[in-house]
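Here are my notes on the model, as numbered points. Please read them with the structure open.

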Amino acid sequence: MPSDKTNTWRVPCASTVLLILASVTVAETPRPQTHESADDAVISLWEDAVAPVPEGGYTWSVKKHVRVNNDRSYGAFADPRITYNADYQTVKIMTARTRCPDGRVVEVPKYSRNEVAPHETAGWPALAAIRQIVVSFSAIEPGAVLELEYEIVSKRGALPFDEFDFQIATSYPIALRRILRNGKPIHEASNVEPLIDEPLSLPARDRNGLKVLTTAANTKAWATAILNIMDDLTRGEKCLPYCDESKLAATTDHIEKAWAIQEAFARQFTTVDAPSACVWPALRPTTTVRSTHYGTSLEAASLLLAMFRGTGLKAEPVFAVASQSDDISIGAISAFAVALETRGEISYWHAMQGRIRNPGPWGGWRRFDRAFVTGRSDMPARFDAPVESRLEASARLALDETASYTGSVDLRMTGLFLTNALRTDEQKKSAINEALSRLIPNVDLSKYSVTTLSNDVFAVNADVKSSKPLEMAGDGRVFAVPSDGAWLSPFPLPLGKSGRKTLLKTPGAFVQESFIEIKLPDGWSASALPKSYGTALANDANLSQQVEAVGQWVRLRNNLTVSQRIWPAERYSDLRAAICNTQSPAARTLVIRKASAVSGR
């Protein structure tokens with residue numbers, strides 16, 4: 001039975017508490033809205049009220065009134081879903097109706113309140129208790145107000161604490177946003193501007209777009225509770241790996257043993273996650289999870305932990321957070337994983353992704369900034385992007401009379417240019433092809449030899465050839481360097497829009513250097529060269545290219561250096577313009593012709 005202390009709601013950090021309490025004011029009357037508003041929709045009232053119940057758990061009441069001004073917003077509000085876990089929660093809908101502009105009130109009938117399984121968990125028996133009530137409003141037209149009010153009563157769930165991530169800003173304006181704890185407002189704001197969501201923006205949590213409410217005593221207690229859950233799930237019966245134990249017994253290298261366990265795991269396991277922490281399913285022992293071959297991300301990490309320990313490896317649970325905010329909760333966790341200690345060093349392992357290079361990614365595109373590991377320290381370990389993320393390529397190509405080429409390339413990658421796994425020939429070949437296809441047009445990899453392979457560096461010498469002759473352009477041939485450079489894969493900058501309104505956070509700083517030498521056939525010459533350029537953005541970025549044609553040789557030397565990870569919105573347009581300049585046809589295109597074609601023009 002939880003203590004009274006765990007039944008006390010708190011906002012995670014003291015500074016946040018002061019900020020919230022200072023922001024509580026008497027609510028202003030919301031400005032009147034009409035369907036001629038420039039906003040597609042306005043949330044006129046959004047209220048969440050939470051109160052604990054004596055036996056553990058809570059009552060959560062929600063009021064949300066939305067004025068839809070344009071049919072573009074119908075998809076966001078016409079069919080809201082109320083998610084709950086039938087094992088320990090009940091739902092009561094008090095109000096579901098449409099207030100029409102002409103004064104009519106259209107109630108949502110019972111047949112328009114349908115119970116379904118969330119698409120994330122549908123079909124998985126262990127998560128069958130997670131349900132959603134879909135409320136389908138009718139009589140919707142511009143100017144209508146959709147009113148939904150309901151209450152969820154929850155007993156103590158799968159976690160030893162209760163917590164909520166309350167949105168206090170969203171992509172639509174909010175006339176009045178209010179959050180109450182035990183009947184008293186802890187957040188109240190009027191005329192809240194929309195939260196702009198752009199690619200590579202900071203998460204809402206880091207932009208004061210979320211407010212966390214939890215019954216955990218403090219961050220350390222919260223983190224310890226989660227790690228203890230993972231630890232406790234591994235207790236009891238020994239959990240055997242999915243792979244051949246006799247082969248494991250013959251493997252003395254702990255890293256190789258861990259790879260064998262994880263790779264077999266990833267081939268036979270499926271992760272299925274609940275839509276939110278508020279409805280987590282009951283956590284199962286790892287032996288049960290193993291027999292079903294599916295489970296939540298936390299269960300998957302716990303099972304991998306049990307398998308590591310069962311084969312004599314020294315391992316601890318870990319989870320990673322992709323936010324710099326102190327206002328963290330289950331929703332801030334990027335991934336659950338395992339920390340493996342071998343020869344005095346710590347390596348990190350994701351159940352489905354394998355060994356993780358610092359600082360990620362862990363189970364998705366997000367890269368983590370901090371990790372919590374059992375027993376290592378009171379504070380989470382903080383991970384920075386690698387000091388050096390560099391791709392260096394030096395290519396020497398020879399063209400023949402058919403405008404096809406053969407040649408060799410020296411390729412070296414470090415930091416975030418490395419993929420997570422470079423163990424098999426296929427994985428290595430895939431990484432080489434990915435880089436070469438973004439550096440040289442129509443390239444085929446003939447063979448390669450690895451010159452360096454470590455946790456930090458992958459270097460190869462590769463023989464290449466063209467997959468087809470160079471494209472014709474009149475009486476000439478075109479050698480066009482690909483516009484989507486190799487750097488765009490690990491550092492996907494949003495280049496589609498010229499302007500930006502929010503700060504941009506890239507995975508890290510990086511350097512891409514390439515040197516391409518092209519030997520032309522006898523009697524051929526360059527009739528058009530890519531332009532040389534040089535652009536420096538203070539000390540934050542440098543983009544340069546030098547091009548020369550000497551005798552039968554054309555040489556292109558290119559450098560793209562981005563030294564800054566964080567870019568203010570007002571400066572990003574300069575970076576984008578400089579990069580787009582490097583991607584223009586004039587900067588990438590070499591045209592060659594036979595001497596007779598040139599003289600005959």
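**Notes on the predicted model**

1. Start with the hairpin. β23 and β24 form a hairpin, and three residues lie between the two strands. Their pairing is antiparallel and runs over nine bridges. Ser-449 stands opposite Asn-461 in β24. Please keep in mind throughout that this is a predicted model.

2. Now the other partner of β24. Strand β22 (residues 405-414) pairs with strand β24 (residues 457-466) in the antiparallel sense, over nine bridges. Here Asp-410 has Asn-461 in β24 as its bridge partner. Asn-461 thus stands opposite Ser-449 and is also the bridge partner of Asp-410.

3. Which sheet do these strands belong to? They are part of an open sheet of eight strands, in the order β23-β24-β22-β21-β28-β32-β31-β30. The pairing in this sheet is mixed. At the edges stand β23 (443-453) and β30 (533-537). Each has a single partner strand, so one side of each is left without a neighbour in the sheet. From one strand to the next, the twist averages 10 degrees.

4. Two helices deserve a look against this sheet. Helix α8 (residues 425-436) lies across β21 (390-399), β22, β23 and β24. Helix α8 runs at about 115 degrees to β23. Helix α9 (residues 569-583) also packs on the sheet. Helix α9 touches β30, β31 (541-550) and β32 (553-562). The direction of α9 makes about 165 degrees with that of β30.

5. There is also an open sheet of four strands. Its order is β25-β26-β34-β29, with antiparallel pairing. The edge strands are β25 (471-473) and β29 (524-528), and each pairs on one side only. The twist in this sheet averages 40 degrees from one strand to the next. Inside the sheet, β26 (residues 476-480) and β34 (residues 589-594) pair over four bridges, in the antiparallel sense. Ala-480 stands opposite Thr-589 in β34.

6. Next, the internal voids. How many cavities of 30 Å³ or more does the structure hold? The structure holds three. The largest cavity has a volume of about 330 Å³. It is lined by 26 residues, and the closest to its centre are Val-481, Pro-482, Gln-512, Ser-514 and Asn-558. Six elements are worth displaying here: β21, β28 (510-519), β31, β32, α9 and α10 (585-588) each give two or more residues to the lining.

7. Two residues have a backbone point to check. Asn-182 is not a glycine, yet its phi is positive, at about 55 degrees. Asn-182 sits in the loop between β10 (174-181) and β11. Its relative accessibility is 45%, so Asn-182 counts as partly exposed. His-293 is not a glycine either, and its phi is about 65 degrees, again positive. His-293 is in the loop between α6 (286-292) and β14 (294-295). With 28% relative accessibility, His-293 counts as partly exposed.

8. Is Ala-189 buried or partly exposed? Ala-189 belongs to strand β11 (residues 184-192). Its relative accessibility is 22%; buried means under 20%, so Ala-189 counts as partly exposed. Beyond residues up to four places away in sequence, Ala-189 touches Ala-175, Leu-176 and Arg-177. Its C-alpha atom is separated by 9.9 Å from that of Ala-169, which is 20 residues apart along the chain.

9. What does Glu-120 contact, apart from its neighbours within four places in sequence? The contacts are Val-272, Asp-273 and Pro-275. Glu-120 lies in the loop between β6 (113-116) and β7 (130-135). Glu-120 and Asp-273 are 153 residues apart along the chain, but their C-alpha atoms are separated by 6.6 Å. Glu-120 counts as partly exposed, at 32% relative accessibility.

10. Last, the totals. The protein has 11 helices and 34 strands. Of its 601 residues, 51% are buried. Among contacts with a separation of 6 or more, 72% are between residues 24 or more positions apart. The accessible surface comes to about 27,100 Å², and 50% of it belongs to carbon and sulfur atoms.

Technical notes:
Residues are numbered from 1 along each chain as its sequence is written. This is a predicted model: local features need pLDDT of at least 70, side-chain atom pairs count only at pLDDT 80 or more; totals for chains, interfaces and linings use all residues. Side-chain values use heavy atoms; hydrogens and water are left out. Two strands pair if DSSP finds at least two bridges between them. Axes are lines fitted to C-alpha atoms, for helices over the stretch in contact, and angles run from 0 to 180 degrees between N-to-C directions. Contact means heavy atoms within 4.5 Å. Buried means under 20% relative accessible area, exposed over 50%, partly exposed in between (1.4 Å probe, protein chains only). Accessible areas come from the Shrake-Rupley method with a 1.4 Å probe; for residues, only the protein chains shown count as cover. On a 1 Å grid over the protein atoms alone, a cavity is a set of points where a 1.4 Å probe fits but cannot get out, and a pocket is an open set with protein on both sides within 12 Å along at least five of seven lines; lining residues have an atom within 4 Å of a point. Grid points are joined across faces, edges and corners, and a volume is the space filled by probe spheres set on the points.
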